[in-house]
Amino acid sequence: MKQNKAKDLTVKPMTEVDKDNLLPKMITRKEVAEYLKVSIQSVINYTNRGILISYKIGRRVLYNELDVIAAIQKCAVDRYHNEKLIKPSK
């Protein structure tokens, strides 16, 4: 007998699906500023310098939370390497 494989498939309602895996969490400039403990103008400056990546959705400017965390880690690593290269003068 041939089984109907479509019956074996289970479909979860959206309430049971892990929503975090579907879309990245987007945060506002204010939330980025609070997270980094800097002013909103500093967040704008970091974006203009290319340190942070922003996404304009309608009239809102949003940041991917994972991109912000990655940018912080990259800056910390770069700073560590730069401090290692600078040798104290005697």
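1. Contact, as the word is used in this note, means heavy atoms within 4.5 Å. On that basis Thr28 touches Arg60, Val61, Leu62 and Tyr63, once residues up to four places away in sequence are not counted. The model under review is a predicted one, and the points below should be read with that in mind.

2. Thr28 has its place in strand 1, which covers residues 26–28. The pairing of Thr28 with Tyr63 deserves a look in the viewer, since these two residues stand 35 apart along the chain while their C-alpha atoms are separated by 6.2 Å. With a relative accessibility of 21%, Thr28 counts as partly exposed, because the class of buried residues is kept for values under 20%.

3. As to the overall layout, the chain holds five helices and three strands, and, read from the N terminus on, its elements follow the order α-α-β-α-α-β-β-α. Of the contacts between residues at least 6 apart in sequence, 47% join residues that are at least 24 apart. Buried residues account for 13% of the 90 residues in the chain, and the accessible surface comes to about 8,300 Å², with 55% of that area belonging to carbon and sulfur atoms.

4. The largest nonpolar core consists of nine residues, namely Ile27, Val32, Ala33, Val43, Leu52, Val61, Tyr63, Val68 and Ala71. Two or more of these core residues come from each of helix 3 (29–36), strand 3 (60–64) and helix 5 (65–85). In soluble globular proteins, nonpolar side chains tend to be buried together.

5. Val43, one of the core residues, is in contact with Arg29, Val32, Ala33, Val38, Leu52 and Tyr63 when its neighbours within four places in sequence are left aside. Ala33, which lies in helix 3, is buried with a relative accessible area of 5%. Under the same exclusion of sequence neighbours, the contacts of Ala33 are Val38, Ser39, Ile40 and Val43. The C-alpha atom of Ala33 is separated by 9.5 Å from that of Ile44, a residue 11 places apart from Ala33 along the chain.

6. Thr47, found in helix 4 (residues 40–49), is a polar residue to check by eye, given that its side chain reaches the backbone oxygen of Val43 at 2.9 Å. The relative accessible area of Thr47 is 17%, and therefore this residue is buried. Beyond the residues up to four places away in sequence, Thr47 touches Leu52, Ser54 and Tyr63, and among these Leu52 and Tyr63 are listed in the largest nonpolar core.

7. Gln41 also has its place in helix 4, yet with a relative accessible area of 46% it is partly exposed. Gln41 and Lys30 are 11 residues apart in sequence, and from C-alpha to C-alpha they are 9.8 Å apart in space.

8. The loop between helix 3 and helix 4 contains Lys37, whose phi is near 60°, a positive value in a residue other than glycine. Lys37 counts as exposed, because its relative accessibility of 72% is over the 50% cut-off. A colleague going through the backbone torsions may wish to look at Lys37 with this positive phi in view.

9. Asn64 belongs to strand 3 and is buried, with a relative accessible area of 12%. A polar atom of the Asn64 side chain lies 3.0 Å from the backbone nitrogen of Leu66. Leaving aside neighbours within four places in sequence, Asn64 is in contact with Pro24, Lys25, Met26 and Tyr55.

10. On the outside of the model, Ile53, Tyr55 and Ile57 make a nonpolar surface patch of about 280 Å². Ile57 is placed in strand 2, which spans residues 54–57, and with a relative accessible area of 47% it is partly exposed. Tyr55, another member of this patch, is also among the contacts of Asn64.

Terms used
Residues are numbered from 1 along each chain as its sequence is written. This is a predicted model: local features need pLDDT of at least 70, side-chain atom pairs count only at pLDDT 80 or more; totals for chains, interfaces and linings use all residues. Side-chain values use heavy atoms; hydrogens and water are left out. A nonpolar core is a set of buried Ala, Val, Leu, Ile, Met, Phe, Trp, Tyr and Cys residues joined through side-chain atoms within 4.5 Å. Buried means under 20% relative accessible area, exposed over 50%, partly exposed in between (1.4 Å probe, protein chains only). Helices (H or I, at least four residues) and strands (E, at least two) are DSSP runs, numbered from the N terminus. A polar contact is a pair of N or O atoms within 3.5 Å; within protein, one must be able to donate a hydrogen and the other to accept it, and residues adjacent in sequence count only if both atoms are side-chain atoms. Accessible areas come from the Shrake-Rupley method with a 1.4 Å probe; for residues, only the protein chains shown count as cover. Patches are made of residues with over 30% relative accessible area and no salt bridge: like charges are joined within 9 Å, nonpolar side chains (Val, Leu, Ile, Met, Phe, Trp, Tyr) within 5 Å. A salt bridge is a side-chain nitrogen of Lys or Arg within 4 Å of a carboxyl oxygen of Asp or Glu.
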